[in-house]
Amino acid sequence: NWTNSAIIDEQVAAIREQVGDRRVLCALSGGVDSSVAAALVHRAVGDQLTCVFVDHGLLRAGEAEQVEKDYAQLTGIDVRTVDVAEQFITALKGVTDPEEKRKIIGREFIRTFEAAARGIAEEQGIDFLVQGTLYPDVVESGGGTGTANIKSHHNVGGLPDDLQFALVEPLRTLFKDEVRAIGLELGLPEAMVWRHPFPGPGLGIRIVGEVTKERLDLLKAADAIARAELTAAGLDRSVWQFPVVLLADVRSVGVQGDGRTYGHPVVLRPVSSEDAMTADWSRLPYELLARISTRITNEVADINRVVLDVTSKPPGTIEWE
Ligand code: XMP
């Protein structure tokens, strides 16, 4: 596509001009924006770019592998994964309040990224930080620079003074659909480029109740089924997001085979939206909902009930926490 390759050429030239022969750091989240931004920077300055991927264990099944393996292999980018899943579980132990969870996850994330960034800066010297800021973010923040996605994603404060780098923002003039088109043109996988929006605190705010390793595994299994069936039905792009929520502190009685079960419910929360400010519950086909329900209750031990959230936003938010 001519338009997309023209945009890529233009951004690549601008990045080379800005960066010269200096070094660049980027935090990958697994999301569309940081993936495309990093791929663009890599196209421009190659191995002057180093990426950090904080694997906090709160992404969905397969997503960390997608970043670490598929994306890194495909692009050739030096991706340094920091595996802190256990650290996050420990920090979240006993915590049930949604805001408290967000604070803890944001804080741990920034700490982890900071330590990694400091290490890399000492090793090779870093001059720039890549941010996947889009045009609508620029407009929303009044046109100023420095609206770091890393922080807004987690609603926390910025990095310390000694880690203040000049920003490289190759998506600053682009809208989401352009970013997707460019991502495809750069050869990124469709699943990554069309990934639904996903909250910074990840599955941590899709478990109502305390976050534990066991509960995360349950939710990841149920979520993977819902996602796979949505994709198989060809309806990925008909919904804005499709959160699956584990009601970890709720149990209900069920029956399976000859036995009584006493398991947890999951909530399906497919929504349609333009900008996440307002949303409506998606009218997914009954057949699809039935398949998801049957598969989850058959395949995920301990989940014996699947319910559908039919609340619009407002009054309900998209996420449950
Ligand atoms: P709510 O639940 O408020 O969500 O209707 C609106 C949109 O924002 C996403 N979301 C977040 N994104 N950090 C993020 O980057 C967060 O802490 C966060 N909380 C919610 C949510 O998935 C939806 O797209």
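**Exercise 1. Work out the hand of the crossing of α10 and α11, then describe how these helices pack.**

Step 1: the crossing of α10 and α11 is right-handed (the near helix is turned clockwise from the far one by less than a right angle; anticlockwise would be left-handed). Helices here are DSSP runs of H or I with at least four residues, numbered from the N terminus.

Before going on, note that this is a predicted model: local features need pLDDT of at least 70, side-chain atom pairs count only at pLDDT 80 or more, and totals for chains, interfaces and linings use all residues. Residues are numbered from 1 along each chain as its sequence is written.

Step 2: the axes of α10 (residues 213-232) and α11 (residues 286-299) come within 9 Å and cross at roughly 150 degrees. Axes are lines fitted to C-alpha atoms over the stretch in contact, with angles from 0 to 180 degrees between N-to-C directions.

Step 3: so α10 is roughly antiparallel to α11 (the angle is over 145 degrees).

Step 4: on α10, the contact residues are A221, A222, I225, A226 and E229, and α11 brings L288, R291, I292, R295, I296 and E299 (contact means C-beta atoms, placed from the backbone, within 7 Å).

**Exercise 2. Find out whether W320 is buried or exposed, and what it touches.**

Step 1: look in the segment after β12 (303-308), where W320 is found.

Step 2: W320 has 17 other C-beta atoms within 10 Å, so it is partly exposed (20 or more would be buried, 12 or fewer exposed).

Step 3: leaving aside neighbours within four places in sequence, W320 is in contact with R206, V208, V245 and V267.

Methods
Helix = DSSP H or I, 4+ residues; strand = E, 2+ residues; numbered from the N terminus. Parallel < 35°, antiparallel > 145°, perpendicular 65-115°, else oblique. Contact = placed C-beta atoms within 7 Å.
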